[in-house]
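Welcome, and thanks for taking a look at this one. Here is a short briefing to read alongside the model, grouped by topic.

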Amino acid sequence: MLVSQRVDVIAGRDERRDALDQRLVHLLAECGLLAVPVPNRPELVAELWRAVRPHGVVLSGGNDLSAYGGSSPERDNTERALLDLALAEHQPVLGICRGLQMMVHYFGGSLQRVAGHVAARHQVSGLLRDLVLDAEVNSYHDWGIAEQGDVLRPLAHAADGSVEAAGHHGQRVLGIMWHPEREAVPTALDRTLIEQHFA
(Lines give C-alpha, C1' and ligand atoms only; values in the text may rest on other atoms or scores of the structure.)
Protein backbone atom coordinates (compact mmCIF):
# COMPACT_ATOMS: atom_id res chain seq x y z
CA MET A 1 0.00 0.00 0.00
CA LEU A 2 1.63 3.26 -1.13
CA VAL A 3 0.87 6.16 1.22
CA SER A 4 1.54 9.82 0.45
CA GLN A 5 3.20 12.04 3.04
CA ARG A 6 2.78 15.59 4.20
CA VAL A 7 5.56 18.17 3.89
CA ASP A 8 6.76 19.77 7.11
CA VAL A 9 8.99 22.83 6.93
CA ILE A 10 11.39 23.01 9.88
CA ALA A 11 12.06 26.64 10.76
CA GLY A 12 15.69 27.59 11.40
CA ARG A 13 17.06 24.40 9.86
CA ASP A 14 16.32 24.99 6.19
CA GLU A 15 14.68 21.54 6.05
CA ARG A 16 11.63 20.26 4.23
CA ARG A 17 10.67 16.90 5.69
CA ASP A 18 8.28 14.25 4.44
CA ALA A 19 6.18 13.05 7.37
CA LEU A 20 3.49 10.48 8.04
CA ASP A 21 1.40 10.11 11.19
CA GLN A 22 2.44 6.87 12.87
CA ARG A 23 -1.19 6.30 13.86
CA LEU A 24 -2.13 5.96 10.17
CA VAL A 25 0.55 3.32 9.62
CA HIS A 26 -0.72 1.46 12.71
CA LEU A 27 -4.38 1.68 11.61
CA LEU A 28 -3.56 0.36 8.15
CA ALA A 29 -1.60 -2.51 9.73
CA GLU A 30 -4.61 -3.35 11.91
CA CYS A 31 -6.61 -3.57 8.68
CA GLY A 32 -4.06 -5.99 7.19
CA LEU A 33 -2.31 -3.38 5.01
CA LEU A 34 1.41 -2.61 4.93
CA ALA A 35 2.04 1.12 4.51
CA VAL A 36 4.93 2.09 2.24
CA PRO A 37 5.55 5.86 2.57
CA VAL A 38 6.11 7.65 -0.74
CA PRO A 39 8.77 10.39 -0.82
CA ASN A 40 7.59 13.65 -2.31
CA ARG A 41 9.68 13.21 -5.44
CA PRO A 42 7.20 12.88 -8.32
CA GLU A 43 9.91 11.76 -10.74
CA LEU A 44 10.46 8.63 -8.59
CA VAL A 45 6.83 7.53 -8.29
CA ALA A 46 6.74 5.31 -11.39
CA GLU A 47 9.95 3.52 -10.38
CA LEU A 48 8.65 2.99 -6.82
CA TRP A 49 5.36 1.71 -8.21
CA ARG A 50 7.15 -0.87 -10.38
CA ALA A 51 9.31 -2.00 -7.44
CA VAL A 52 6.49 -2.33 -4.91
CA ARG A 53 3.57 -3.36 -7.18
CA PRO A 54 1.07 -1.91 -4.68
CA HIS A 55 -2.47 -3.12 -4.17
CA GLY A 56 -3.70 0.40 -3.55
CA VAL A 57 -2.93 3.99 -2.57
CA VAL A 58 -3.77 6.14 0.43
CA LEU A 59 -3.58 9.91 0.01
CA SER A 60 -3.02 11.07 3.58
CA GLY A 61 -4.01 14.31 5.30
CA GLY A 62 -2.11 17.53 5.97
CA ASN A 63 -1.01 20.55 3.88
CA ASP A 64 -3.21 22.74 1.72
CA LEU A 65 -3.12 22.24 -2.03
CA SER A 66 -0.83 24.69 -3.84
CA ALA A 67 -3.78 25.91 -5.91
CA TYR A 68 -5.35 27.08 -2.64
CA GLY A 69 -2.36 28.75 -1.02
CA GLY A 70 -0.37 25.71 0.08
CA SER A 71 3.41 25.59 -0.11
CA SER A 72 4.13 21.97 -1.07
CA PRO A 73 3.85 21.67 -4.87
CA GLU A 74 6.10 18.61 -4.76
CA ARG A 75 3.41 16.82 -2.79
CA ASP A 76 0.69 17.86 -5.23
CA ASN A 77 2.75 16.49 -8.12
CA THR A 78 3.57 13.26 -6.27
CA GLU A 79 -0.08 12.61 -5.50
CA ARG A 80 -1.05 13.43 -9.08
CA ALA A 81 1.45 10.81 -10.28
CA LEU A 82 0.05 8.28 -7.78
CA LEU A 83 -3.48 8.93 -9.02
CA ASP A 84 -2.39 8.58 -12.65
CA LEU A 85 -0.90 5.14 -11.98
CA ALA A 86 -3.67 3.90 -9.69
CA LEU A 87 -6.35 4.83 -12.21
CA ALA A 88 -4.40 3.34 -15.13
CA GLU A 89 -4.01 0.04 -13.25
CA HIS A 90 -7.48 0.11 -11.63
CA GLN A 91 -6.08 0.02 -8.10
CA PRO A 92 -8.16 1.32 -5.18
CA VAL A 93 -7.43 4.77 -3.76
CA LEU A 94 -8.51 6.16 -0.39
CA GLY A 95 -8.18 9.89 0.22
CA ILE A 96 -8.20 11.20 3.79
CA CYS A 97 -9.13 14.88 4.23
CA ARG A 98 -6.55 16.63 2.03
CA GLY A 99 -6.53 13.38 0.03
CA LEU A 100 -10.18 13.92 -0.90
CA GLN A 101 -9.41 17.58 -1.64
CA MET A 102 -6.64 16.44 -4.00
CA MET A 103 -9.04 14.05 -5.74
CA VAL A 104 -11.56 16.85 -6.25
CA HIS A 105 -8.87 19.09 -7.75
CA TYR A 106 -7.49 16.24 -9.90
CA PHE A 107 -10.91 15.48 -11.37
CA GLY A 108 -11.68 19.11 -12.22
CA GLY A 109 -13.70 20.14 -9.17
CA SER A 110 -13.11 23.05 -6.83
CA LEU A 111 -12.82 23.79 -3.12
CA GLN A 112 -14.17 26.52 -0.90
CA ARG A 113 -13.54 27.67 2.66
CA VAL A 114 -15.81 26.13 5.28
CA ALA A 115 -16.42 27.26 8.84
CA GLY A 116 -16.77 25.10 11.92
CA HIS A 117 -14.75 22.14 10.64
CA VAL A 118 -11.40 22.72 12.37
CA ALA A 119 -10.76 20.80 15.60
CA ALA A 120 -14.45 19.94 15.84
CA ARG A 121 -16.72 16.91 15.88
CA HIS A 122 -19.95 16.59 13.93
CA GLN A 123 -22.42 14.09 12.52
CA VAL A 124 -22.14 12.72 9.00
CA SER A 125 -24.67 10.61 7.18
CA GLY A 126 -24.75 8.80 3.87
CA LEU A 127 -24.07 5.50 2.15
CA LEU A 128 -20.53 4.27 1.41
CA ARG A 129 -20.86 1.19 -0.77
CA ASP A 130 -23.03 -1.02 1.46
CA LEU A 131 -22.11 0.81 4.68
CA VAL A 132 -24.80 3.03 6.10
CA LEU A 133 -23.07 5.99 7.69
CA ASP A 134 -24.68 7.88 10.54
CA ALA A 135 -21.89 8.70 12.92
CA GLU A 136 -19.98 11.41 14.73
CA VAL A 137 -16.56 12.04 13.21
CA ASN A 138 -13.61 14.33 13.86
CA SER A 139 -12.96 17.31 11.64
CA TYR A 140 -9.69 19.15 10.93
CA HIS A 141 -10.22 20.90 7.60
CA ASP A 142 -10.97 24.46 6.56
CA TRP A 143 -11.42 23.60 2.87
CA GLY A 144 -14.56 21.87 1.68
CA ILE A 145 -15.92 20.82 -1.69
CA ALA A 146 -17.59 23.50 -3.81
CA GLU A 147 -17.90 21.39 -6.99
CA GLN A 148 -16.85 17.75 -7.17
CA GLY A 149 -16.24 17.62 -10.94
CA ASP A 150 -17.75 15.23 -13.44
CA VAL A 151 -16.70 11.82 -12.09
CA LEU A 152 -16.99 12.13 -8.31
CA ARG A 153 -20.34 11.77 -6.60
CA PRO A 154 -21.18 12.84 -3.02
CA LEU A 155 -21.69 9.90 -0.68
CA ALA A 156 -22.01 11.52 2.75
CA HIS A 157 -22.77 14.96 4.14
CA ALA A 158 -22.45 16.88 7.38
CA ALA A 159 -25.50 18.58 8.89
CA ASP A 160 -24.46 21.88 7.28
CA GLY A 161 -24.70 20.25 3.84
CA SER A 162 -20.96 20.05 3.19
CA VAL A 163 -19.71 16.92 1.43
CA GLU A 164 -17.88 14.61 3.84
CA ALA A 165 -17.28 11.67 1.48
CA ALA A 166 -17.20 11.22 -2.28
CA GLY A 167 -16.52 8.38 -4.68
CA HIS A 168 -15.64 7.87 -8.34
CA HIS A 169 -18.33 6.76 -10.78
CA GLY A 170 -16.23 4.04 -12.41
CA GLN A 171 -13.11 3.41 -10.31
CA ARG A 172 -12.44 2.23 -6.75
CA VAL A 173 -11.70 5.77 -5.58
CA LEU A 174 -13.11 6.97 -2.25
CA GLY A 175 -12.40 10.11 -0.27
CA ILE A 176 -13.44 11.02 3.28
CA MET A 177 -12.97 14.33 5.07
CA TRP A 178 -12.44 12.93 8.56
CA HIS A 179 -9.30 11.27 9.99
CA PRO A 180 -9.86 7.66 11.17
CA GLU A 181 -6.28 7.56 12.43
CA ARG A 182 -6.85 10.47 14.83
CA GLU A 183 -9.46 8.69 16.92
CA ALA A 184 -8.22 7.48 20.31
CA VAL A 185 -9.62 4.11 19.31
CA PRO A 186 -10.37 3.63 15.60
CA THR A 187 -14.06 2.93 15.12
CA ALA A 188 -15.36 -0.37 13.81
CA LEU A 189 -17.03 1.57 11.01
CA ASP A 190 -13.75 3.15 9.87
CA ARG A 191 -11.93 -0.17 10.02
CA THR A 192 -14.67 -1.86 8.00
CA LEU A 193 -14.63 1.00 5.49
CA ILE A 194 -10.86 0.62 4.96
CA GLU A 195 -10.91 -3.17 4.88
CA GLN A 196 -13.77 -3.33 2.39
CA HIS A 197 -12.32 -0.63 0.15
CA PHE A 198 -9.02 -2.47 -0.24
CA ALA A 199 -10.44 -6.03 -0.25
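This is a predicted model. Its nine-strand sheet is open and mixed in its pairing, and a search of the whole structure finds zero disulfides. The structure also holds one cavity of 30 Å³ or more, while the largest pocket offers about 180 Å³ of space.

**The sheet and the helix across it**

- The strand order in the open sheet is β4-β1-β5-β6-β13-β12-β11-β8-β9.
- At the edges sit β4 (36–37) and β9 (131–140), each of which pairs on one side only.
- Strands of a sheet pair through backbone hydrogen bonds, and the sense can be parallel or antiparallel.
- For β12 (residues 163–168) and β13 (residues 173–176) the sense is antiparallel, with three bridges between them.
- Alanine 166 has glycine 175 in β13 as its bridge partner.
- Helix α3 (residues 73–88) lies across β1 (2–3), β5 (57–59), β6 (93–96) and β13. The helix runs at about 150° to β5.

**Largest pocket**

- Which residues line the largest pocket? They are Leu127, Leu128, Arg129, Arg153, Leu155, Gly167, His168, Gln171, Arg172, Val173, Leu174 and His197.
- Four strands each supply at least two residues of this lining: β8 (118–128), β11 (152–158), β12 and β13.
- The volume of this pocket is about 180 Å³.

**Largest cavity and leucine 193**

- The largest cavity has a volume of about 40 Å³.
- Its lining is made up of Leu128, Arg129, Leu131, Leu174, Leu193 and Gln196.
- Leucine 193 belongs to helix α5 (residues 188–197).
- With a relative accessible area of 5%, leucine 193 falls under the 20% limit and is therefore buried.
- Setting aside neighbours within four places in sequence, leucine 193 is in contact with Leu94, Leu128, Leu131, Leu174, Ile176 and Trp178.
- Leucine 193 and alanine 135 are 58 residues apart in sequence, and their C-alpha atoms are 13 Å apart in space.

**Helix α4 and arginine 98**

- Helix α4 (residues 98–106) is mostly covered, with seven of its nine residues buried.
- The buried residues in α4 are Arg98, Gly99, Leu100, Gln101, Met102, Met103 and Val104.
- An α-helix has 3.6 residues a turn, so residues three or four places apart point the same way.
- Is arginine 98, a residue of helix α4, buried or exposed? Arginine 98 counts as buried, because its relative accessibility is 1%.
- Leaving out neighbours within four places in sequence, arginine 98 is in contact with Ser60, Gly61, Gly62, Asn63, Asp64, Leu65, Ser72, Arg75, Asp76 and Glu79.
- After α4 comes glycine 108, which has a positive phi near 90°.

**Cysteines**

- Why is there no bond between the sulfur of cysteine 31 and its closest cysteine sulfur? That closest sulfur, in cysteine 97, is 18 Å away, which is too far for a bond; a disulfide needs the two sulfur atoms within 2.5 Å.
- Seen from cysteine 97, the closest cysteine sulfur is the one in cysteine 31, again 18 Å away and too far for a bond.
- Cysteine 31 is buried at 11% relative accessible area, and cysteine 97 is buried too, at 4% relative accessibility.

**Positive phi outside glycine**

- Aspartate 14 has a positive phi of about 55° although it is not a glycine.
- Where is aspartate 14 placed? The residue is in the loop between β2 (6–10) and β3 (15–19).
- Aspartate 14 counts as exposed, since its relative accessibility is 81%.
- Arginine 53 is not a glycine either, yet its phi is positive, at about 50°.
- The loop between α2 (45–52) and β5 holds arginine 53.
- With a relative accessible area of 44%, arginine 53 is partly exposed.

Methods:
Residues numbered from 1 in each chain as written. Predicted model: local features only at pLDDT ≥ 70, side-chain atom pairs only at ≥ 80, totals over all residues. Heavy atoms only, no water. Pairing = 2+ DSSP bridges. Contact = heavy atoms within 4.5 Å. Axes fitted to C-alpha atoms, helices over the stretch in contact; angles between N-to-C directions. Buried < 20%, exposed > 50% of the residue type's maximum accessible area, 1.4 Å probe, protein only. 1 Å grid on protein atoms, 1.4 Å probe; cavity = no way out; pocket = protein on both sides within 12 Å on 5 of 7 lines; lining within 4 Å. Points joined across faces, edges and corners; volume = space filled by probe spheres on them.
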